[in-house]
Amino acid sequence: ISIHLFEDLKQINMSEPAAKRFKITDIDEETLNSGAEGYTATQIFVGNPACVAYTYDDVIMMPGHISFALGDVDISSKLTRNIELKVPFVSSPMDTVTEHKMATAMALLGGIGIIHSNMKAEDQAAEVRKVKKYKNGFILDPICLSPDNTLEDVFQTKQTLGFSSFPITDTGKMGGRLVGIISNRDTSFIEDPTVKIKDFMTKRSELSVAPEGVSLEEANQMLKKSKKGKLPVVNDKDELVALIARTDLQKQKENPLATKESGNKQLLCGAAIGTRPDDKERARLLVEAGVDVIVIDSSQGDSLYQIEMIRHLKEAHPQVDVIAGNVVTPSQAHHLIEAGADGLRVGMGIGSICTTQEVCAVGRAQASAVYHVAKYARKFGVPIVADGGIKSTGHITKALCLGAGCVMMGSMLAGTDEAPGEYFYQDGVRLKRYRGMGSLEAMNKGGEKRYVWDTAATAVKVAQGVSGAVTDKGTLRRYIPYLMQGVRHGLQDAGVNSIADAKDKLYADKLRFEIRSPAAQKEGGVHGLHSYQKRLY
């Protein structure tokens with residue numbers, strides 16, 4: 001044997017690279033099937049003789065071959081059939097997470113925010129309007145004043161709306177004949193509040209204007225050339241039809257990933273509704289305000305009430321995408337897809353402030369729920385949103401690699417500057433309030449409709465959530481890029497260069513996973529230290 005081995009070695013040119021010296025193609029079947037390379041998702045979630053459901057922490061991904069740079073990892077993904085996000089993050093419709101500030105910031109950074117419904121329908125519609133107006137290409141309904149308004153009127157309007165430049169029309173309304181414009185420089189040195197606008201405004205003859213029908217690109221160039229803060233757009237009768245702001249151009253440069261409409265460049269915004277009859281009117285007001293996607297917010301989405309609401313929305317407002325849910329099984333998903341849902345929200349009882357599984361004994365571990373529902377919904381081209389259970393960038397990566405199109409986060413975003421509420425200190429730690437929509441506090445403000453779908457009187461409320469606090473996470477402008485980069489690292493380590501690639505490899509049984517024991521989970525975190533400081537970025 002040794003003589004034959006010696007003769008074989010003599011035939012090998014040791015100066016050549018190993019890959020040429022030893023012809024290795026793919027891993028052999030014996031090694032692949034032995035578990036040495038991990039297991040396919042099918043083996044773990046479908047071939048599951050132990051009948052066990054798995055959480056994100058239970059599952060670990062096997063590393064893959066890296067043949068691309070970190071910057072080449074594409075994390076864009078589908079939210080619904082018709083909406084794609086450059087960043088697959090969605091803020092949850094909770095009253096301590098998403099109002100207009102959160103929704104605006106999420107959209108500017110490439111994700112989207114879903115404004116909660118724990119308020120009057122008119123107030124929720126106003127929140128949507130604030131997002132849609134924040135960054136406009138053409139501002140189609142600017143606030144106008146008339147020449148006979150006074151400086152005091154200007155100050156009051158400025159204090160109410162937060163901006164200081166206004167077009168002046170003969171009627172004081174949009175569509176009136178343009179007669180001038182005012183800005184801070186026109187009002188700075190006037191002391192008499194009773195002076196009329198016509199006495200200090202910049203008159204029409206001094207303004208640069210664009211004709212109706214001008215493209216956004218052409219209008220932007222005119223604005224740059226004029227070096228003015230605002231560019232009015234007028235028709236052939238010199239009536240004001242739109243306005244373009246220089247600040248919007250600056251915002252567009254600062255936010256290249258912004259989630260916006262292709263036409264007028266408005267930010268995309270979502271909003272939540274319930275399944276009660278009066279939610280149909282709420283939906284109408286939201287659509288009038290410009291909402292792009294409506295999320296039907298129910299803890300258990302497979303109900304007659306939700307199916308009826310989906311059908312109503314698709315008939316009355318076919319231009320608006322509908323995300324239905326929450327669901328955790330394919331049969332639940334089937335009913336909602338059949339009714340016309342454009343996306344599904346997956347998760348039940350797994351949020352950090354949710355007690356549904358404990359109180360109601362119904363729900364499912366999130367990794368299993370995401371895998372099974374995503375696999376089924378994929379047959380119909382319906383993306384899913386993994387809602388809840390996210391505590392780290394690792395969890396986000398696992399959700400996306402198990403089939404989710406996007407992830408919805410509550411507690412991960414609740415401590416940011418953009419979340420509703422004020423900071424407070426406890427034991428020297430800066431905190432913000434965070435509560436589940438099933439907590440008694442939220443239920444008393446209207447949150448119970450997420451858990452009680454009909455209009456029957458409910459004398460006894462059963463809490464399915466708690467109230468608490470989360471630590472300060474700072475501004476989303478720093479936090480979201482950290483999350484994005486963490487996800488890119490995770491996908492790269494798994495050997496996938498995009499979320500679409502992850503799904504292809506998942507369903508081709510090329511992504512490999514293992515189940516971690518409790519000891520393995522402990523080993524995978526920080527351990528063996530007397531003390532340590534954990535900084536995210």
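# Close-up views of a predicted model

**View 1. Three strands, β9, β10 and β11, form an open sheet with mixed pairing.** The order of the strands in this open sheet is β9-β10-β11, and their pairing is mixed. At the edges stand β9 (210-211) and β11 (240-245), each with a single partner strand, so one side of each has no neighbour in the sheet. The model shown here and in the other views is a predicted one. Strand β10 (residues 230-234) runs parallel to β9, and two bridges join them. One residue pair can be picked out: Ala210 has Val233 in β10 as its bridge partner.

**View 2. A second open sheet of three strands is antiparallel, in the order β6-β7-β8.** Its edge strands are β6 (166-169) and β8 (202-203), each of which pairs on one side only. Between β6 and strand β7 (residues 178-182) there are four bridges, and the two strands run antiparallel. The bridge partner of Ile168 is Gly180, in β7. Strands of a sheet pair through backbone hydrogen bonds, either parallel or antiparallel.

**View 3. Strands β4 and β5 run parallel.** Two bridges join β4 (residues 89-91) to β5, and Ser91 has Gly113 of β5 as its bridge partner. Strand β5 covers residues 112-115. Ile112 and Ile114 point one way from β5, whereas Gly113 and Ile115 point the other way. In a regular strand the side chains alternate between the two faces of the sheet. Are these four residues of β5, Ile112, Gly113, Ile114 and Ile115, buried or exposed? All are buried.

**View 4. Helix α15 is largely enclosed by the rest of the structure, because 11 of its 13 residues are buried.** The helix covers residues 366-378. At 1.5 Å a residue, its 13 residues should span 18 Å, and the end C-alpha atoms are 18 Å apart, which agrees. The buried residues run from Gln366, Ala367, Ser368, Ala369 and Val370 through Tyr371, His372, Val373 and Ala374 to Tyr376 and Ala377. An α-helix has 3.6 residues a turn, so residues three or four places apart point the same way.

**View 5. The largest nonpolar core has 98 residues.** Which residues have the most contacts inside this core? They are Phe89 and Leu344. Helix α15 gives the most to the core, with eight residues. Another core, of 14 residues, lies apart from the largest one; Leu268, Val293, Val385 and Cys406 are among its members. In soluble globular proteins, nonpolar side chains tend to be buried together.

**View 6. The surroundings of Phe89 are shown through its contacts.** Leaving out residues up to four places away in sequence, Phe89 touches Met106, Gly111 and Ile112. Its contacts also include Ile396, Val407 and Met409, together with Ile480, Leu483, Met484 and Val487.

**View 7. The second largest pocket holds about 790 Å³ of space.** Its lining has 31 residues, and those nearest its centre are Ser392, Thr393, Gly394, His395 and Gly524. The elements that give two or more residues to this lining are β1 (59-61), α16 (393-401) and α19 (476-493). Which element gives the most to the lining of the second largest pocket? Helix α19 does, with seven residues.

**View 8. Ala502 lies in helix α20 (residues 499-507).** Its relative accessibility is 0%, so Ala502 counts as buried. With residues up to four places away in sequence left out, Ala502 touches Cys401, Val496 and Leu511. Thr397 is 105 residues from Ala502 along the chain, and their C-alpha atoms are separated by 9.9 Å.

**View 9. Ile143 lies in the loop between α6 (121-134) and α7 (151-161).** Ile143 counts as partly exposed because its relative accessibility is 30%, and partly exposed covers the range between under 20% and over 50%. The C-alpha atoms of Ile143 and Thr157 are 8.9 Å apart, and the two residues are 14 apart in sequence.

**View 10. The protein chain is shown whole, with its 21 helices and 21 strands.** Of its 537 residues, 51% count as buried. Among contacts between residues at least 6 apart in sequence, 66% join residues at least 24 apart.

Notes. Residues numbered from 1 in each chain as written. Predicted model: local features only at pLDDT ≥ 70, side-chain atom pairs only at ≥ 80, totals over all residues. Heavy atoms only, no water. Expected span 1.5 Å × (residues − 1). Buried < 20%, exposed > 50% of the residue type's maximum accessible area, 1.4 Å probe, protein only. Core = buried A, V, L, I, M, F, W, Y, C linked by side-chain atoms within 4.5 Å. Contact = heavy atoms within 4.5 Å. Pairing = 2+ DSSP bridges. 1 Å grid on protein atoms, 1.4 Å probe; cavity = no way out; pocket = protein on both sides within 12 Å on 5 of 7 lines; lining within 4 Å. Points joined across faces, edges and corners; volume = space filled by probe spheres on them.
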